[in-house]
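I sat down with this structure to look up how its chains meet and how some of the helices pack. These are my entries, kept in the order in which I worked.

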Amino acid sequence: MDNIITLDKVSFAYESEDKNYEVLKDFSVSFERGTFNVVLGHNGSGKSTLAKLLNGLIKPVSGTVSVNGLSTLDDESDFIIKKAVGMVFQNPDNQLVSSVVEEDVAFGPENLGLSPEEIRRRVDNALKAVDMYDMRLNATHKLSGGQKQRVAIAGIIAMEPECIVLDEPTAMLDPKGRKEVIDTVLKLNKEKGITVILITHFMEEAEFADRVLVMSDGNIISDGAPCEIFSQVEKIKSAGLSVPQTTDLLFKLKTAGYNVDNNVISADVCASIISDLIDNSLKK
Amino acid sequence: MLNDITFGQYFVANSLIHRLDPRCKLLYLVYMIVLVFLAQNVVSLASVALLSLTIMLLTRIPIRLYLKSIKVVIPIIIFTAVLNMFYSSAEAAPLVSFWIFKIYSSGLIRAGFMAVRVLLLILLSSVLTYTTTPNDLTDAIERVLSPLKFIGLGRAIHTMSMMMTIALRFIPTLIDETNKIMNAQKARGAELDSGGIVKKVKALLPILIPLLISSVRRAYELAEAMECRCYNGGKGRVRMKQLHMKARDYASFLVISAFLGVIIISNIYVKIGVV
């Protein structure tokens, strides 16, 4: 397996005046290159801490985080790691540096010291990839939440990273903005082969993932393909999360004695299963 | 109240003034300010005013936006004018005289000149900020000041221009936030518009404190986001937009310089309405 990021026995604690809050302890996980990973967890499960560890924004107290074999503890490789692993945060307002869309997207590549022509090419490509090219001269503060977040994503992909970490990118958006962002991220993964690590508490966003990790109290309690994960309805609920409504419905039907699979997330498949069920019972 | 602040904002339009090199525009502002104060008589001041008006029309930005930028500074203009009215030498009989105040005709002219000068200063600065993106502007300031790097101030200049970029970027965000906090406090029964000045100032406290706290949090998050985008204090940074002087930049310089000639000549020969 070709892993882009590997965490080996990582521990991390936030220091406070009276005591230390240990968020992660002996935490190990790897992310495979080119995959779409979703990390689920409720508040305080340690998922944001995990995000910040991935590109060396915070350093582990013990253990190592390595990106392409380089440890984040090594200050020398800090720049290379940040270049390889881009990060998108929750609040779109607080990550835009410039008042004009294209100038904001150019901020990252400008820091990399590329030639002006190369920066221009990357900015245009990045804006086209997130479908914001037509608005490149607009003022950033006049955009909708979803558009701002797409500009933030463009700012990251203009640096041409190998991996993007998104820390609850849709938490402050309306359903429309949420869909825009998730569709964009999916497209980047499928078309450009960028590794995606999406951290969220919305189950629906896990539907298209290659791999889903469920975190609770600083531990991974489930790890696998989305349909595998969501069929463990009771386990997910015990982590303080809810399962997608489709899975929940099928789970309830199954516990009521109907013969259905509950490892389905897509609403279309769920609808066809239920219509088959109705057809069969009518025939009887 | 807060929506009236247009000063320092950029307006998208496609005009000759928008396309001028930002470095030139910055230097022209300084140049025009010098012209405004060099104008010593009615003819020269009128020609500077005419030039300023032409520049404003060339920007293709609605005049009402310029009027908005003046609205905020009207008290300052009136204050300056009134102060200048009493400041004149007694070469003839006073027009009006009461107690220790005496108003001479030269004082009135001086007051008028001062009001027009301050007005032009505001309008011309508005032209610069309305037609230049904040990034271009800070970029221009950085480049115009760049010779200072030879005396070891390179880092300081970059930091200053970065701070200006971020400040300008967050003005609209913080205005929105202030409005939200004001509404939230009003919903809790805060009376922001009533009472005397002391009460009004006190009522601002529950608005300023949440605003300050949220700004600090924003600053922290922005710093993290900038760090993630490989920002390390401007070392090895290359700008996407490189600036090149074009024919229009040289042409505009000639036009403004011609006006300098007009003003010098009229200062020498025209003797009406001299300050």
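The entries below go from the contact between the chains to chain B as a whole, and then to two helix pairs.

Entry 1, before anything else. I note that this is a predicted model, and I read each value below as computed from it.

Entry 2, the contact between the chains. I looked up how many residues take part on each side, and found 34 residues of chain A in contact with 28 residues of chain B. On the side of chain A that touches chain B, the elements giving two or more residues are α2 (78-84), β6 (85-88), α3 (101-111) and α4 (116-129) of chain A. Of these I marked α3(A), since the largest share of that side, 6 residues, comes from it. By residue class, the side of chain A that touches chain B divides into 16 nonpolar, 12 polar and 6 charged.

Entry 3, α3(A) on its other contact. Having met α3(A) at chain B, I followed it within its own chain, where its axis and that of helix α5 (residues 145-157) of chain A come within 7 Å and cross at roughly 35°. I recorded the crossing of α3(A) and α5(A) as right-handed. The residues that meet are A:V101, A:D104, A:V105, A:F107 and A:G108 in α3(A), and A:V151, A:A154, A:G155 and A:I156 in α5(A). I sorted the residues of this contact into 6 nonpolar, 2 polar and 1 charged.

Entry 4, chain B as a whole. I counted 10 helices and 2 strands in chain B, and along the sequence they follow the pattern α-α-α-α-α-β-β-α-α-α-α-α. Taken along the principal axes, the C-alpha atoms of chain B fill a box of roughly 70 × 55 × 40 Å. Of the 275 residues of chain B, 23% count as buried. Among its contacts between residues at least 6 apart in sequence, 78% join residues at least 24 apart.

Entry 5, a helix pair in chain B. Helix α3 (residues 42-58) and helix α6 (residues 105-131) of chain B have axes that come within 10 Å and cross at roughly 25°. Because angles under 35 degrees count as roughly parallel, I wrote down α3(B) as roughly parallel to α6(B). The crossing of α3(B) with α6(B) is left-handed. From α3(B) the contact takes B:L45, B:V48, B:A49, B:S52, B:I55 and B:M56, and from α6(B) it takes B:F113, B:V116, B:L120, B:L123, B:L124 and B:V127. I closed the entry with the classes for this contact, which are 11 nonpolar, 1 polar and no charged.

Technical notes: Residues are numbered from 1 along each chain as its sequence is written. Chains are lettered from A and ligands numbered from 1 in the order in which they are written. This is a predicted model: local features need pLDDT of at least 70, side-chain atom pairs count only at pLDDT 80 or more; totals for chains, interfaces and linings use all residues. Two residues are in contact if their C-beta atoms, placed from the backbone, lie within 7 Å. Ala, Val, Leu, Ile, Met, Phe, Trp, Tyr, Cys and Pro count as nonpolar, Asp, Glu, Lys and Arg as charged, and the others, Gly among them, as polar. A residue is buried if 20 or more other C-beta atoms lie within 10 Å of its own, exposed if 12 or fewer, and partly exposed in between; C-beta atoms are placed from the backbone. Axes are lines fitted to C-alpha atoms, for helices over the stretch in contact, and angles run from 0 to 180 degrees between N-to-C directions. A crossing is left-handed if the near helix is turned anticlockwise from the far one by less than a right angle, and right-handed if clockwise. Angles under 35 degrees count as roughly parallel, over 145 as roughly antiparallel, 65 to 115 as roughly perpendicular and the rest as oblique.
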